[in-house]
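Colleague: Please take me through the surroundings of the ligand in this entry.

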Amino acid sequence: MKTRIENLLSEVEAFTADSAQKVEEFRIKMLGKKGDLTLLFEEFKQVSGEMKRELGQKINELKNRAQGKINELRETLENSSATTLSLDSSRPGTADSMGTRHPVAVVRNEILDIFSRLGFTVAEGPEVEDDWHVFGALNFPPEHPARDMQDTFFVEKKEGEENPILLRTHTSSIQVRAMQKQQPPIRIVCPGRVYRNEAVSARAHCMFHQVEGLYVDQNVSFADLKQTLLYFAKELFGQNVEIRLRPSFFPFTEPSAEMDVSCSICGGKGCNICKGTGWLEVGGCGMVDPNVLESCNIDSKKYSGFAFGFGVERIVMLKYQVRDLRLYFENDVRFLKQFAAAI
Ligand code: DAH
């Protein structure tokens with residue numbers, strides 16, 4: 001009897017089933033009214049003396065193991081059939097929500113893309129710069145107000161320090177780095193974040209983005225600059241747009257101009273976006289001052305160049321009519337989601 005019980009125990013151990021029916025058949029064979037265990041219990045009644053204890057324990061163990069195995073198999077089969085049932089291939093899928101690009105990145109990419117069609121390549125530079133790359137090489141006299149603590153964030157400014165480390169106030173520093181590295185022809189666009197020590201409001205921020213452009217070669221003229229800017233404006237705002245260059249001043253360009261585009265909102269008739277003028281300012285430009293070329297070891301007698309710089313947020317504001325600059329830096333998803341269609 002002992003060996004029979006042991007054989008049955010190994011049978012229980014080894015048993016597996018891939019259907020509920022097989023489990024049921026096994027249950028009937030083991031635990032059913034005429035099953036192995038019932039027979040064993042019948043026989044057990046005749047056992048006497050010392051054997052009773054030992055065999056009793058064994059039979060109980062067998063019963064528990066058999067029941068345990070049946071429960072276990074039922075559970076696994078039920079779970080697997082549950083997954084099969086829930087696999088309904090006609091059910092609508094759960095949509096993954098896609099991230100959206102930040103409007104500043106959308107417009108920056110658009111600007112870079114337009115200039116890449118004119119042969120401009122992208123150049124980048126550090127946000128933490130030195131005074132020479134941001135001001136000195138760009139022909140800013142030492143007492144120029146833009147160097148004032150008011151406008152510039154200095155990382156470290158020691159008394160009498162000639163070339164302090166600061167956060168760049170414009171991406172024009174990248175043109176300096178490019179000219180130091182390479183002789184003309186140079187044709188680059190330089191995107192990047194810039195910093196100015198301004199109180200944050202709807203109309204001003206302590207950081208924003210610019211795209212700078214630089215073209216240096218032999219015989220580059222103001223007419224080339226104007227044509228490049230016109231092409232750019234038409235690509236960005238539509239073929240009907242017009243541009244206007246107003247005389248201005250920048251230390252690093254001579255002559256210098258401020259660039260306006262005709263207001264795409266009212267078509268130039270005058271509205272509250274263009275403050276009734278029909279024109280919107282988008283950036284500065286000019287012919288690279290010979291002093292700047294010389295600072296970067298480029299022969300200003302042989303080469304000339306033009307440069308321009310746009311504020312990216314300014315263009316985003318004009319394109320999407322979002323008037324509060326602070327919204328661009330809060331990263332509120334409710335704001336960002338509105339640009340899901342722009343790629
Ligand atoms: N760097 C100027 C600024 O931040 C913008 C600018 C004006 C860039 C004229 C230029 C330029 O390259 O030619 O206000």
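Modeller: The exchange below concerns a predicted model and turns to the ligand and its shell.

Colleague: Which residues come nearest to the ligand?

Modeller: The ligand has 15 residues around it. These divide into five nonpolar, eight polar and two charged residues. Those that come nearest are His170, Ser172, Arg196, Gln210 and Glu212.

Colleague: Which helix or strand elements each supply at least two residues of the shell around the ligand?

Modeller: One helix qualifies, spanning residues 172-181. Strands at 207-217, 279-288 and 304-311 also qualify. The elements are therefore, by the DSSP numbering, α7, β6, β9 and β10.

Colleague: How much of the accessible area of the ligand does the protein cover?

Modeller: Among the polar contacts, a polar side-chain atom of Ser172 lies 3.0 Å from a ligand nitrogen. Backbone atoms take part as well: an N or O atom of Ala307 is 3.1 Å from a ligand oxygen, and a polar backbone atom of Phe308 is 3.3 Å from an oxygen of the ligand. Of the 350 Å² that the ligand has on its own, the protein covers 89%.

Colleague: Is His170 buried or exposed?

Modeller: His170 lies in the loop between β4 and α7. It touches Val134, Leu138, Phe140, Val194, Arg196, Gln210 and Phe252, leaving aside residues up to four places away in sequence. Because its relative accessible area is 7%, under the 20% cut-off, His170 is buried.

Colleague: Which backbone oxygen does the side chain of His170 reach?

Modeller: Val134 is among the residues that His170 touches. At 2.9 Å, the side chain of His170 reaches the backbone oxygen of Val134.

Technical notes:
Residues numbered from 1 in each chain as written. Predicted model: local features only at pLDDT ≥ 70, side-chain atom pairs only at ≥ 80, totals over all residues. Heavy atoms only, no water. Near = heavy atom within 4 Å. Polar contact = N/O pair within 3.5 Å; in protein donor to acceptor, adjacent residues only side chain to side chain. Areas by Shrake-Rupley, 256 points an atom, 1.4 Å probe, with all protein chains shown as cover. Helix = DSSP H or I, 4+ residues; strand = E, 2+ residues; numbered from the N terminus. Nonpolar A, V, L, I, M, F, W, Y, C, P; charged D, E, K, R; others polar. Buried < 20%, exposed > 50% of the residue type's maximum accessible area, 1.4 Å probe, protein only. Contact = heavy atoms within 4.5 Å.
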